[in-house]
Amino acid sequence: MSDKKQERVGVYVCHCGSNIAGTVDVVDVANWAAEKLRHQGVVIAREYKFMCSSLGQELIEKDIKELGLTRVVVAACSPHLHEKTFRTAAKKAGLNPYLVELASIREQVSWVHTDKAVATEKSKAVVAGAVSRVIENVPLEEIKVPINPNTLVVGGGIAGIQSALEIANAGFHVYLVEREPSIGGHMAQFDKTFPTLDCSACILTPRMVEAGTHPNITLLTWSEVTNVAGYVGNFHVTINKKARFLKEDLCTGCGICQEKCPKKVIDEVYEAGLGYRKAVYTPFAQAVPNFPVMDKENCTYFIKGTCKACEKFCPTGAIDFKQEDQLINIDVGNIILATGYDLFDARRVSNYGYGRLPNVFTSLEFERLSNAAGPTSGNIVLRDGKTTPQRVGIIHCVGSRDKNFNNYCSVICCMQGLKFAHLVHERTGATVYNFYIDMRTAYKAYDEFYQRVLEEGTLFVRGKVAEVTDAARYDREKGKLIIQVEDTLAGKQRRIPVDMVILSSGLQPRHDAKEVGKLFGISCSTDGWFTEKHPKLDPVATMTEGVYIVGCAQGPKDIPSSVAQGAAASARVLDKILQKEVALEPIKATVDQEMCSGCRICNSMCPFNAIAFLEDRMVTEINPALCQGCGTCVAACPAGAISGTGFSDEQIIAQIDGLLWRTLEVEEAVAE
Amino acid sequence: MTQRISIDPITRLEGHGKIEIFLDDHGNVANTYFQIPELRGFERFVVGRPIEEMPLITNRICGVCPEAHNMAASKAADAVYKVDPPRTAKLLRELLYSAFYCTDHTTHFYALGGPDFVMGPEAPVAQRNILGVIHKVGLEIGGKVIQMRKYGHTVVEMIGGRKVHPCASIPGGMTKGITEDQRKEIEEMGRWAIEFAQFSLQLFTEIVLGNKSYVDLILGDVYTHRTYYMGTVDENNKVNFYDGKVRVVDPNGKEFIKYAPKDYAEHIAEHVEPWTYLKFPYLKKIGWKGFVDGEDSGVYMATPLSRLNVSDGMATPRAQEEYEKFYATLGGKPVHQRLATHWARLIELLYAAEHWVELVTDPEITSPNVHTKPIEIPTEGIGIVEAPRGTLTHHYWTDERGVVTKANLIVGTTNNYAPIQMSTHKAATSLIKEGKVTEGLLNMVEMAFRAYDPCFGCATHSLPGQMPLEITIHDIDGNPVNVLKQFC
Amino acid sequence: MNNDTFEPTIIGFTCNWCSYRAADLAGTARMKYAPNVRLIRMMCSGRLDPTFVLRALSCGADGVMITGCHPGECHYIEQNYKALRRYLLLKRVLKGLGIEPERVKLVWASAAEGARFASETTLFVEEIRKLGPLNWGKADNGPKTIDHVESSMVNRLSSEKEVPA
Amino acid sequence: MTTDVKPKFAMYWAASCGGCEIAVLNTHEKILDLDANFDVVFWPVAMDAKYKDVEAMEDGSILLTLFNGGIRNDENEHIAKLLRQKSKILVSFGSCACEGCIPGLANLSPVGEIVHTAFNTITTDNPNEIYPRTTFDVPEGELHIPTLSRILRPLDQVVDVDYYMPGCPPESHQIAAVIDLVIQVIHGEAQLPPKGTVIGVGNSTVCDECPRARNVKMIKAFKRIQDVAPVDPTLCILEQGVPCNGPATRSGCNARCPQAGAQCIGCYGPAEGVMDYGARLITAFSSVLDATTPEEIDRILDGIPDPVGQVYRFNLAGSLMKAAKPAWEQG
């Protein structure tokens, strides 16, 4: 350290009102720093009521200008709160913002310790650490990369559609990729939407059509993303457009092929297994795009080699059995993931008997039952297709808030259950029971809807259903489904016979969420939902710059929230597009190629593919735009050839020494 | 009475292998102590290390003869796994070892022991070194000496991977073989080595045997001890450096014992004195009788001279001739005059050179089959080679993973510690009378132990390959009256 | 040294995204925990260079706590696994150096686990308190004479044998 | 720095093996250049000289001293200080002086245990537990031998060092190059590098000079050299599972051992600016492990039978920890 030029350090200790000063002798800390750390270059140490206040900031700016400070340490709250504040202040005063360090003496000292002496001592150590660290800090400049104005939206559910439309309407191009034949997602399967009960199709279809016809939107349905390379502003994406076996440019969507197709197939996806479709089909009438796909697995021609009925009857000769999957390469600047959710498989809760007891239905099945366009044209009937139920039980939290399945609350099930109750009541006049653990009707007009359903006479039993069985104990139970439940309000066990049980199943992450996450370089929580950059302050961004998550891919939510997130992400994307270039945090790793021996130890370290090995020169190189600054390769390099800005070895070692009073010992040694 | 010379206290700390000479009231030698000041403790810290690292770690016992430790440790490691390396691997090791011998003996004769003769024992200190030798015998010969050392190390590097501290020898054999081109090169160098060895013997004959005073010096009683002798011999009782049985002859030259390396512990024990860090090995069956020679004392010697004394001859023709000439000149076996060791060393040099060529012309030397995979569970192993400075024994115990749990090392020079102590004592006693001391006399005291080419680096696993020496002379009251320091 | 009165000094290396936020959370929630740990923020537990741990231990720390995101939750996808590998080999080396491997501890704590962070910290401080101070190298008071060595050693071997002078 | 009288040269060994001297002699003809350009005043292996001569010299009167060997006892320490005082340029020469080398492994055990072990081997006849004593009375008077220090220390832990030249021993071609440089400096044809520079080395690690092919490394098991030998002569040894120290070891030796089909054992020490050599190896070996569960990772690590020896074989005394806990405490 001695041969290095002496820095001029300013230390600022914040009282944070009494938040810090109540437990830490801030005056002592400041005086101590001024005296004991002088040899390290501390020229001024002040304490002040609120450093983050404009007055506090001005104090720093003034000292930078007048005392010629080259480094600043602010002992206050967590850097996650005010690092930016003080960096900006430094910048205003002409000091590189990265020459400022925060020493957290609130979250990590005053708020968690009680003994003032101890807290003060620890604060001194934390300050000493920050001072010796900041001396090792180097000025950093943000890295700027150009932004490609095109955007990729993955997933054509309501969230994805919303994102796509917002951006497209702003005048920028969007590639909307959907793995199913049509966009629309789960919402397209619903009948009514809570709490307003307006028809799902009626509000969704116009958006779908708008997205399908928008000049700024390239719609790629029946397609999947297979590869993603590059980085924010400059992603290179490969999309596999699966063969539809018909020429989209010729197809008019007249539907004759579907009529003529002799092969009936149970529709597991859209009709939730309750209805049929043909081997060549559009999932539903309002599908966008409206030209069909041919289901190779079930098409007679593909199985037997004869038939071709569709080809025969197609008026425009659009059918093309020779068609093959095609790979499309696109360049985009930002990516929005709206990949949605899978419905919890109610079979897993075996004691509810779904799959075993015919008249136990899943929520999606019920949506189709109650849908006028559904297999029963909206008649709510039992599995036999004719009997109208007299008594219906709706079970909430199926697969949710349950240690055996998913710990989280699926958010929508309560409202969904209430909606079902209402629909059953309205269409059949049956007696409806709702079995719930807690009734969660947050958000606008939700609780009003609850009240309404209450008034309609729906019966509510608070308690987790133990079992649904057809084993009758009493005559009145014969031929019924008996719901065994502990009524926690009445405080007794009850057996309630019903004709129909509807399971308000929860939501869960897509079965392939992990692989998709890897593909786009983002991570999943233990529950499997995509991880946002910050749970509160940055819910739609991810750790990978330029990749956003919206709708249920990020976690269970209702339609309004999904739409809001869709719009929010678009706003973030537009912000980037309009900036034309993006500034990346300058916390990056770099390889000193003189020192790199090309041992390739680091080559397996980077999950963001920022590390490349140059075969010709036998050295490794790091792409600063791809580098996320985690520093794993820095720690891995056996030659010490990789250094990391912002968190360099020198900085961390210096901080260790400071925290352990080493920097003082040095001084005393010098003094002797 | 000699006037007192007070010693700077600092020099007191200079413990580099000291000879402490105490005089009686007549100024004659009362007693001498040859002290070794250091210990690095290899026996302790090899514990916990994997057996395959022993050849690499014990290399560092001595940088003058790392090849010896490398070989002994490798053979011990083979034994630990009960694995027999392919013949080619053994040939390569022995070839490396022969080349090393040529270098090492050359180094000693010209750089270390030689100057005493070439320059004369009483020659000025400043000239008594290799550069002095080169200046005297001429640059052309100096060039040859350098050439010999270069060739030796080149071979060591070609086979062993490195000039100093070779790395290619592992449990079960070698990490690699040699190519035909390398073989040719090595053969040429070997043939040159033979010429060089012959030349050196000729030089010795001219300078030493041609000079009556030197011959008297050699034959004189000052440098004579009647002790047991130890060395390794092949199945025909010919000198062998790499492999064979350890043979010991008594002061009359009669075979006392001949044992397989694995039985060493039955025959050797080490005596401890509290005034030195080095132990004194002796023949267990006879026992420790103090620093005395003769048949009743377990003290033995293991040097080039010993090796000639215990063998029935040399395994190569030219060396055999010299062997016969040697004993003819010095009056039959065994030769007890320590200074003859220098001559014996040159005969070994010639043998090593001849053997070098034998090995490199073996049809199997370039075979790629140089390693046998160890499959047995490792347990315990002993490896013995003849280091230039005496019989070298490595003994390791390991756990079932082949990690060393215990070790015992008896290295070349240690064998000779007792004889050296005796020789220096005898030399001092006969050379220092009534306290009269000159540096020349003192150098002659040193010559007594220098003949052993002592390597206390090896001995203590602590000090450098050759050893600086401090001689302190004390009067009857134990006060130091004279301190002379010198480096061999 | 009485281990009850001994206050360990511990350096904690925390991941910016999870455990450092967990520490913040513990603070915001005013959870009380042992004051012996001094934190260093890193971007990721994958940044942990064994050098930092050795530096801390050789410079007066009695223990080192490393905290990272739970497996599968790393903000950099999988770097905490790399930290885990280094940590496990580091512990083996420390053992070879005669240092109790328990002096270095890897703790997973997510941004939401302020309580866990607090309790783990207090727990670790107690574990180190039991192990006693490390004060590395402090024991060295220059060269020792063999005589000391011998006696100390002979004592250790509880040997009655007298060394004849 | 040109001068009429030849500048003085010295070379000394403390606790070392003599290999450094041999390495210098192995520069062969260069020895004559050395002789031609220097007045060799002190070099135990090659020539007679007296300590008192050295003590008599003026401070700083020796231009260049190559000091090899670690500091094992008080006497080594004394000479180190003496030569520092007398020399203008003091070079920490060879692994022992730079980082303790193999003898530094002694720092794993208390010095008492080392002595005890040496004097209780199976062939040692020591019924009365006799151990060497630094001062001992014999009938004729008092005898002294030096005091072993608690731990072995590299030269720069005892005196100020100008340059470092690592290697066990330093490769002769590197020594020759350094001798040439110094001679040029004497004749004013070259400048000395800045104080503290590591000389006679490459600026990267062994892999840089290793001709073996390399790929992204993913290791499922560590292997011992005797179980895989002969290794594939074209492929990275570490990739073949043998823990090779090359990636972390300073280049300059031309990757001798890997070229000889053996793993690098690390005698050239850490790369430029590296604070702890062992840490670099810990990170190197753990980085190539192909495992994520603690159990699997531990299974693979079991393939390294001696972790501390593996990563600190030559470097323990020069590492951050310097020695093992027992050595500090019971020394």
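How many bridges join strand β25 of chain A to β26(A), and in which sense do the two strands run? Strand β25 (residues 481-487) of chain A is joined to β26(A) by 7 bridges, and the two run antiparallel. The model is predicted: local features need pLDDT of at least 70, side-chain atom pairs count only at pLDDT 80 or more, and totals for chains, interfaces and linings use all residues. Residues are numbered from 1 along each chain as its sequence is written, chains are lettered from A and ligands numbered from 1 in the order in which they are written, and side-chain values use heavy atoms, with hydrogens and water left out. Helices (H or I, at least four residues) and strands (E, at least two) are DSSP runs, numbered from the N terminus.

**Antiparallel sheet of chain A**

- Strands β24-β25-β26 of chain A, in that order, form an open sheet of 3 strands with antiparallel pairing; two strands pair if DSSP finds at least two bridges between them.
- Its edge strands are β24 (465-469) and β26 (492-498) of chain A, each of which pairs on one side only.
- On average, neighbouring strands of this sheet are turned by 20° against each other, direction ignored; axes are lines fitted to C-alpha atoms, for helices over the stretch in contact, and angles run from 0 to 180 degrees between N-to-C directions.
- Within the β25-β26 pairing, A:E486 stands opposite A:Q493 in β26(A).
- In a regular strand the side chains alternate between the two faces of the sheet.

**Parallel sheet of chain A and its helix**

- An open sheet of 5 strands, with parallel pairing, follows the order β10-β7-β6-β18-β29 in chain A.
- Strands β10 (217-220) and β29 of chain A are the edge strands, each pairing on one side only.
- The average turn between neighbouring strands of this sheet is 15°, direction ignored.
- Strand β18 (residues 334-337) of chain A runs parallel to β29(A) and is joined to it by 3 bridges; A:I335 has A:V547 as its bridge partner in β29(A).
- Helix α16 (residues 559-579) of chain A lies across β6 (151-154), β18 and β29 of chain A, and runs at about 175° to β18(A).

**A buried glutamate before β29(A)**

- A:E532 belongs to the loop between α15 (513-520) and β29 (547-549) of chain A.
- A:E532 is buried yet has no salt bridge, and the nearest side chain of opposite charge, A:K557, is 8.0 Å away.
- Buried means under 20% relative accessible area, exposed over 50%, and partly exposed in between (1.4 Å probe, protein chains only).
- A salt bridge is a side-chain nitrogen of Lys or Arg within 4 Å of a carboxyl oxygen of Asp or Glu; for charge, Lys and Arg count as positive and Asp and Glu as negative, while His and the chain ends are not counted.
- Neighbours within four places in sequence aside, the contacts of A:E532 (heavy atoms within 4.5 Å) include A:I549, A:Q554 and C:H75.

**Backbone features**

- A cis peptide bond with omega of about -10° joins A:F194 and A:P195; A:P195 is in the loop between β8 (192-193) and β9 (198-199) of chain A.
- The peptide bond from D:A229 to D:P230 is also cis, with omega near -5°, and D:P230 is placed in the loop between α8 (225-228) and α9 (256-259) of chain D.
- A:A272, which is not a glycine, has a positive phi of about 50°; this residue is in the loop between β13 (264-267) and β14 (275-278) of chain A.
- A:A272 counts as buried because its relative accessibility is 15%.
- A:W661 has a positive phi near 70° and is placed in the loop between α18 (649-659) and α19 (662-671) of chain A.

**Chains B, C and D**

- Chains B and D share the most contacts of the 5 pairs of chains in contact, whereas chains A and B do not touch, their nearest C-alpha atoms being 22 Å apart.
- Chain C has 5 helices and 4 strands, and its elements run β-α-β-α-β-α-β-α-α from the N terminus on.
- Of the 165 residues of chain C, 65% count as buried.
- B:Y110 lies in helix α5 (residues 87-118) of chain B and is buried, with a relative accessible area of 2%.
- In chain D, strand β4 (residues 71-73) pairs with β9(D) in the antiparallel sense over 2 bridges, and D:N73 stands opposite D:L148 in β9(D).
- Strand β9 (residues 148-153) of chain D is mostly covered, with 6 of its 6 residues buried.
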